Amino acid sequence: MDTLEKLLEAPHPFLDGSVKRMLIGGQWVPAVSGKTFESRDPATGKLLAKVAEGDAEDIERAVAAARRAFDGPWRKVKPFERQQMLLKLADLVERHFEELSLLDTLDMGAPISRTLANRRRVLGMLRYYAGMATALHGETVENSLPGEIFSYTLKEPVGVVGAIIPWNGPLGASVWKIGPALATGCTVILKPAEEAPLTPLRLGELILEAGIPEGVVNIVPGYGETAGAALAAHPGVDKVAFTGSHLTGQKIVQASAGNLKRVSLELGGKSPDIVFADADLETAAPGAGMAVFANSGQICSAGTRLFVERRVYDEFTDRVAAFGKSLQVGSSVDPKTQIGPLVSEQQLDRVTGYLRIGQEEGARALSGGSRVTEGPLAQGYFVPPTVFANVRDDMRIAQEEIFGPVLSAIPFQDIEEVIARANATPFGLGSGVWTRDVNKAHRLAKGIRAGSVWVNCYQAMDPAMPFGGYRMSGYGRESGLQHLEEYLNVKAVWIKTA
Ligand code: NAD
């Protein structure tokens, strides 16, 4: 196992500016066009690697490879063997976890403390899906037809899956797509985000090392409008598993219509986090803060609308702002850093745009409020944790997904009112409730229209618990049994026996 110090000192083939190829049919190949794009460290702007830029022609080749594997030898691989492959991959990921964490950190800016802390989750997912590989089954169903007719169901892999992921957690997002595909016997073409392709490509090397046959996992980096769009529209793809923004999600649904491929969508949100006066405010303040500031706010289910019961509003927002100011903003590779840079200049422009809009709308920044422009961090895309007070529900900063470390704090009076206001956006991904009153907890858990409700905690995740959205936060679930069902077809079989 490599230590972080050793990794940072030694030259690394993914960090030396060289060209990284794409994985198609078990081979590392350049783009048909010969084009590459650059991957840079958002903390320093340093060139990390040049990456083969896939587009429609490369997707064509990858879909053909995935189809050949699906119709060929992969079909005959037994669940137990798929389980062994996933377990081997998990062991390899564990052995190289520091390296994979460092690649995530350098490619998209998440602090190394955060990417290293993902170990339990990433390995847990791989081993969960390995376990599920041998646990999936159809059912015998008692029917009421006259005579002797036996009926049962078969669960069959849906086929070739196009997996499109965002940049905000490349290793976790890759495993979240590849794990269920392998467990169910599908084949997959993974299209990483153009901002952060390096970890998925390194994972591809480990996938081959784990003995996963050629063509079962293909990895085609490239831009969304070209490679992503070609994958979403391809008639040879049976399902698209998409994670990203709701605007792209809408395009995916349109593109999928040609062959009516199955689609699952994990999209964005504007999640409410509700603090009652009876809560343990000392625990709730850092809890509500990290619900937004973690990963510099670049988390789909971040609790960005903080509803605080009016009589503790000033006290609580001051606490969260003080907590935000106490967080260490800094270099992603410094183990003490809690808040790293935003992923790109484009994301910086987006977030600072909302900081301006918030102030123009009349909100007041209790902490943060502008990008870091002085000292060594001025070169990177750093925005400190920002708490906006004086926010109204109709402000854009309370309605639109910012995807930065920006919290909008809004006062409320009573429980019915806050349920209605919490539900008053088009999204429904995460939600939080902080209270010591179990009755309030249950009422909110039922009343909030969102895929997850966290009470006295935020962002708890487990491979066995479903995660996903209501309304414009998408449909389908990841993690849990339902996730695997998304990669399976159900076939009804009738056998007349007399
Ligand atoms: P994005 O929608 O811009 O891009 C996501 C992926 O889609 C990228 O790989 C991109 O290349 C690709 N893409 C872009 N245009 C495409 C098109 N026309 N056809 C096919 N693919 C296309 O999102 P982003 O900026 O990378 O990520 C941030 C968004 O993702 C936020 O809205 C966030 O909430 C959401 N997100 C959701 C979850 C979840 O689990 N619900 C998790 C992480 C991020």
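Biologist: Let's start small: which ring does the charged end of Lys20 sit over?

Modeller: A charge counts as sitting over a ring if NZ of Lys or CZ of Arg is within 6 Å of the ring centre and within 35 degrees of the ring normal. Here the charged end of Lys20 sits over the ring of Phe14, 4.5 Å from its centre. Another case is Arg121, whose charged end is over the ring of Trp176, 4.6 Å from the centre. Before we go on: this is a predicted model, where local features need pLDDT of at least 70, side-chain atom pairs count only at pLDDT 80 or more, and totals for chains, interfaces and linings use all residues. Residues are numbered from 1 along each chain as its sequence is written, and side-chain values use heavy atoms, with hydrogens and water left out.

Biologist: Back to Lys20, then. What stands opposite Lys20 in E5?

Modeller: First, the general idea: strands of a sheet pair through backbone hydrogen bonds, either parallel or antiparallel. Helices (H or I, at least four residues) and strands (E, at least two) are DSSP runs, numbered from the N terminus. Two strands pair if DSSP finds at least two bridges between them. In our case, Lys20 stands opposite Val51 in E5. Strand E5 covers residues 47-52 and runs parallel to E1, with 2 bridges joining them.

Biologist: In what order do the strands of that open sheet come?

Modeller: The order is E1-E5-E4, so to speak a row of 3 strands, and the pairing is mixed. Strand E1 (19-20) and strand E4 (36-40) are the edge strands, each pairing on one side only.

Biologist: Now the aromatic rings. How many aromatic pairs does a search of the whole structure find?

Modeller: A pair of aromatic rings is described by the distance of the centres and the angle of the planes. Rings of Phe, Tyr and Trp (its six-membered ring) pair if their centres lie within 6.5 Å; planes under 30 degrees apart count as stacked, over 60 as edge-to-face and the rest as tilted. The search finds 7 pairs here. One of them is Phe276 with Phe412, an edge-to-face pair at 5.3 Å centre to centre and 85° between the planes. This pair links distant parts of the chain, 136 residues apart: Phe276 is in the loop between strand E12 (272-275) and helix H12 (281-293), while Phe412 is in strand E16 (residues 406-412).

Biologist: Are Phe276 and Phe412 buried or exposed?

Modeller: Buried means under 20% relative accessible area, exposed over 50%, and partly exposed in between (1.4 Å probe, protein chains only). By that yardstick, both Phe276 and Phe412 are buried. Trp454 and Tyr458 give a tilted pair, because their ring centres are 4.8 Å apart and their planes are at 50°. Trp454 is buried at 6% relative accessible area, and Tyr458 is buried at 12%.

Biologist: And why does Lys325 count as exposed?

Modeller: Because its relative accessibility is 60%. Lys325 lies in helix H13 (residues 313-326). Contact means heavy atoms within 4.5 Å. Leaving aside neighbours within four places in sequence, Lys325 is in contact with Leu366 and Ser367. Compare Thr199 in helix H9 (residues 198-209): at 1% relative accessibility, Thr199 counts as buried. Beyond residues up to four places away in sequence, Thr199 touches Leu100, Leu103, Asp104, Pro170 and Leu171.

Biologist: Which residues have the most contacts inside the largest nonpolar core?

Modeller: A nonpolar core is a set of buried Ala, Val, Leu, Ile, Met, Phe, Trp, Tyr and Cys residues joined through side-chain atoms within 4.5 Å. The largest one has 91 residues, and those with the most contacts inside it are Leu89, Val93, Ile212, Val217, Phe293, Leu306 and Phe316. Helix H7 (residues 119-133) supplies the largest share of this core, 9 residues. Domain 1 (3-267 + 473-492) and domain 2 (272-462) both give residues to the core, so it lies between them. Those bounds come from an automatic or database domain assignment. A second, separate core of 28 residues includes Tyr354, Ala363, Phe412 and Ile415.

Biologist: What distance separates the centres of domain 1 and domain 2?

Modeller: Taken over C-alpha atoms, the centres are 30 Å apart. The contact takes 23 residues from domain 1 and 28 residues from domain 2.
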